[in-house]
Every structure is written in C-alpha cells, then in structure tokens.
Amino acid sequence: MKYLVIALVIISSVVSAETLVTDNFIIQIERECEEGNVTCDTIRFIYSPVGCEQKHTVIGKTVHTKCADGVTPCAFQGYEFLADGAKFFIHNSGVLKVIDSEGNQLLVDKGKWQY
C-alpha cells in the first residue's frame, strides 16, 4: 500500500505535459503546479534545437492578461522562459518568439502542439 501511494504521488506530480514542435525547436512543457491554479511559476521547459540530441531544461511561467481590476489574471496567453541570454515566449497558438536581452526579435517560428 505504501508503494502504491508513492507511485500515485510521483505520477500526479506533473499535472500536464505538452510538446511544441517548430522548424527550429522541440519544446516539451511540463506544468508542475496543482490542478486548478490559474497561474504557474514552475513550468519546466525541456528544449533542444531540431537535429540536436542535447536537451536543456529551464523553469519558466505562464503568462496571462490582467482582468479589469489590473491584478487578477484573466486570459491565458502562453509561456515564458529565459535561456541562453534570450527570452522565449510561446503563444498558446503555437507561435514561438525568441527575443534577446536588448529587445531584438531573433526568431518567430510557428509550431504544432502535440499532447
């Protein structure tokens, strides 16, 4: 019984996982927040350039618009994480934007979600 409980905790620790595949990147997204949370600051991104076997893992967050009160999160917009000196923003539509530290857009890449 003890091992069953441990197995269930491990299985339920990642609420959901999805993968975005673009022409340039494969990005696996794992939410590590409890089900029902609107926002999440512990999103695990496991990414690699297409054709490269080496994977990198970083922690990012969800991004939402603000409701009328200016505080409450409303509509989900996508995910954001920092890696290799750049900000990666993944729109919920599957568009990946990579922006350098000076605000220059380095890449815009449309991908497909795999669930």
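A residue counts as partly exposed when its relative accessible area falls between the buried limit of under 20% and the exposed limit of over 50%. Glu32, with a relative accessible area of 29%, is therefore partly exposed. The model discussed here is a predicted one, and the description starts from the charged residues around Glu32.

Four salt bridges turn up in a search of the whole structure. In one of them, the side chains of Glu32 and Arg44 meet at 2.6 Å, N to O. This pair links distant parts of the chain, with Glu32 in the loop between strand 2 and strand 3, Arg44 in strand 3, and 12 residues separating them. Arg44 also forms a salt bridge with Glu30, where the closest N and O atoms are 3.8 Å apart. Here too, distant parts of the chain are linked: Glu30 belongs to strand 2 and Arg44 to strand 3, 14 residues apart. The surroundings of these residues can be read from their accessibility. Glu30 has a relative accessible area of 14% and is therefore buried, while Arg44, at 28% relative accessibility, counts as partly exposed. Another salt bridge joins the side chains of Lys87 and Glu80, at 3.9 Å from N to O. Lys87 counts as partly exposed because its relative accessibility is 33%. Through shared partners, salt bridges join Glu30, Glu32 and Arg44 into one network.

Strand 3, which carries Arg44, also has a part in the strand pairing. Strand 2 and strand 3 pair in the antiparallel sense, over seven bridges; in this pairing, Ile26 has Ser48 of strand 3 as its bridge partner. Strand 3 and strand 4 likewise run antiparallel and are joined by five bridges, with Gly60 in strand 4 as the bridge partner of Ile43. Strand 3 and strand 4 form a hairpin with six residues between them, and Gly51 in the turn has a positive phi of about 85°. Strand 3 is mostly covered, with five of its seven residues buried.

The loop between strand 3 and strand 4 holds Lys55. With a relative accessibility of 57%, above the 50% limit, Lys55 counts as exposed. Leaving out residues up to four places away in sequence, Lys55 touches Ile46, Tyr47 and Ser48. From Lys55 to Phe45, the C-alpha to C-alpha distance is 9.8 Å, for a separation of 10 residues in sequence.

Attention now turns to the interior. In soluble globular proteins, nonpolar side chains tend to be buried together. In this model, the largest nonpolar core has 19 residues, and those with the most contacts inside it are Ile27, Ile29, Phe45, Phe81, Phe88, Ile90 and Leu96. The elements giving two or more residues to this core are strand 2 (25-31), strand 3 (43-49), strand 5 (73-83), strand 6 (86-91) and strand 7 (95-100). Ile90 offers a good view of these surroundings: apart from its neighbours within four places in sequence, Ile90 is in contact with Leu20, Ile27, Ile29, Phe45, Gln77, Gly78, Tyr79, Phe81, Val95, Leu96 and Trp113.

Aromatic side chains add a further layer to the picture, with a count of 10 aromatic pairs. The rings of Phe25 and Phe88 have their centres 5.7 Å apart and their planes at 85°, so this pair is edge-to-face. Because Phe25 lies in strand 2 and Phe88 in strand 6, the pair ties together parts that are 63 residues apart in sequence. Both Phe25 and Phe88 are buried. Phe88 forms an aromatic pair with Phe81 as well, and this one is stacked, at 4.8 Å centre to centre with 20° between the planes. Phe81 counts as buried at 1% relative accessibility, and Phe88 is buried with a relative accessible area of 4%. One aromatic cluster is formed by Phe25, Phe45, Tyr47, Phe76, Tyr79, Phe81, Phe88, Trp113 and Tyr115. Finally, a charged residue meets this cluster: Arg31 lies over the face of Phe76, at 5.8 Å from the ring centre.

Notes
Residues are numbered from 1 along each chain as its sequence is written. This is a predicted model: local features need pLDDT of at least 70, side-chain atom pairs count only at pLDDT 80 or more; totals for chains, interfaces and linings use all residues. Side-chain values use heavy atoms; hydrogens and water are left out. A nonpolar core is a set of buried Ala, Val, Leu, Ile, Met, Phe, Trp, Tyr and Cys residues joined through side-chain atoms within 4.5 Å. Buried means under 20% relative accessible area, exposed over 50%, partly exposed in between (1.4 Å probe, protein chains only). Helices (H or I, at least four residues) and strands (E, at least two) are DSSP runs, numbered from the N terminus. Contact means heavy atoms within 4.5 Å. Rings of Phe, Tyr and Trp (its six-membered ring) pair if their centres lie within 6.5 Å; planes under 30 degrees apart count as stacked, over 60 as edge-to-face and the rest as tilted. A charge sits over a ring if NZ of Lys or CZ of Arg is within 6 Å of the ring centre and within 35 degrees of the ring normal. Two strands pair if DSSP finds at least two bridges between them.
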